[in-house]
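Please open the structure in your viewer and keep the sequence panel beside it, since this tour moves from one selection to the next and describes what is found at each stop.

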Amino acid sequence: LTIEQATELLRTCSDFKDWTDYRDYCIITFFLNCGMRLSELVGINMKDINFNDCKMNVIGKGNKERTIYLNKACMSAINSYLAIRPHDSVKSDSRDALFLSERKERISNRTVQYIVKQELQRAGLDTNKYSVHKLRHTAATLMYQYGNVDIRALQELLGHESISTTEIYTHVANKQVKDAIDNNP
């Protein structure tokens, strides 16, 4: 997504009516700001979040634990969601899960994919072109293009073993390459 499309996606899913709207907004915010994998998001437990230090631990690919730092947008979204997240009648094995389904159990991968698809449609974006994983690409690309994030820092943030994997996510715009040549002292 372009920065404008990402902004529009967040704007359209900020029409809050009930707790699931706050949950959905938080999910989209996490994907666009943290570059998380679907499995990482679904697996987040309350105890994994350190609110004082604005970070959380997730279990990534290969069962590896990594730390994800949460910016102001993420902290605001999570605090708004937690303020109205259901506590009563939550299934016992899901009490610690951050994100709950409407049946009050840990949200599934499929439900998150459905939520993202619905929000993309509401924002007028092509759901054949964009998906949960494309939101991960978007986060990485926007951080790289607009946040001046070093590729090594991006590698750490995304939990990649190899820098060549991270390079795929950055797909440096031709304009950036041209600007780099033009700005060579």
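Begin by selecting the hairpin of β2 and β3, where five residues lie between the strands and where Gly62 takes a positive phi near 70 degrees. The model you are looking at is a predicted one, and the values given along the way are computed from it. Now extend the selection to the two strands themselves, β2 at residues 55-59 and β3 at residues 65-69, which pair in the antiparallel sense over five bridges. Within this pairing, Lys55 is the residue that stands opposite Tyr69 of β3.

Stay on β3 for a moment and show its side chains, because its two faces are not alike: Arg66 and Ile68 form the covered face, while Glu65, Thr67 and Tyr69 belong to the uncovered one.

Next, add β1, residues 49-50, to the selection. This strand joins β2 through antiparallel pairing over two bridges, and Ile49 has Met56 as its bridge partner in β2. With the three strands shown together, you have an open sheet in the order β1-β2-β3, paired in the antiparallel sense. Which strands stand at the edges of this sheet? They are β1 and β3, and because each has a single partner strand, one side of each is left without a neighbour in the sheet.

From here, select Cys54, which is found in the loop between β1 and β2. Its phi is near 50 degrees, a positive value in a residue other than glycine. Cys54 counts as partly exposed because its relative accessibility is 28%, a value that falls between the limits of 20% and 50%.

A second stop of this kind is Lys104, located in the loop between α4 (72-84) and α5 (109-122). Although Lys104 is not a glycine, its phi is positive, at about 65 degrees. With a relative accessible area of 22%, Lys104 is partly exposed.

Move on to helix α6, residues 132-146, and pick out Thr138 within it. Is Thr138 buried or exposed? Its relative accessible area is 2%, so Thr138 is buried, the limit for that class being under 20%. If you leave aside residues up to four places away in sequence, Thr138 touches Leu1, Ala6 and Leu32. For a distance to check in the viewer, select Thr138 together with Tyr22: the two are 116 residues apart along the chain, and their C-alpha atoms are separated by 21 Å.

Finally, clear the selection and display the whole chain. The protein has nine helices and three strands, and along the sequence these follow the pattern α-α-α-β-β-β-α-α-α-α-α-α. The C-alpha trace spans about 65 × 35 × 30 Å along its principal axes. The radius of gyration is 17 Å, which agrees with the value near 16 Å that a compact globule of 185 residues would have.

Of these 185 residues, 42% are buried. Among contacts between residues at least 6 apart in sequence, 56% join residues at least 24 apart. If you turn on a surface, its accessible area comes to about 10400 Å², and carbon and sulfur atoms account for 48% of that. Colouring by charge shows 25 positive and 23 negative side chains, with the centres of the two sets lying 3 Å apart.

Notes. Residues are numbered from 1 along each chain as its sequence is written. This is a predicted model: local features need pLDDT of at least 70, side-chain atom pairs count only at pLDDT 80 or more; totals for chains, interfaces and linings use all residues. Side-chain values use heavy atoms; hydrogens and water are left out. Helices (H or I, at least four residues) and strands (E, at least two) are DSSP runs, numbered from the N terminus. The radius of gyration is taken over C-alpha atoms; the globule rule is 2.2 Å times the number of residues to the power 0.38. Buried means under 20% relative accessible area, exposed over 50%, partly exposed in between (1.4 Å probe, protein chains only). Contact means heavy atoms within 4.5 Å. Accessible areas come from the Shrake-Rupley method with a 1.4 Å probe; for residues, only the protein chains shown count as cover. Lys and Arg count as positive and Asp and Glu as negative; His and the chain ends are not counted. The place of a charge is taken as NZ of Lys, CZ of Arg, CG of Asp or CD of Glu. Two strands pair if DSSP finds at least two bridges between them.
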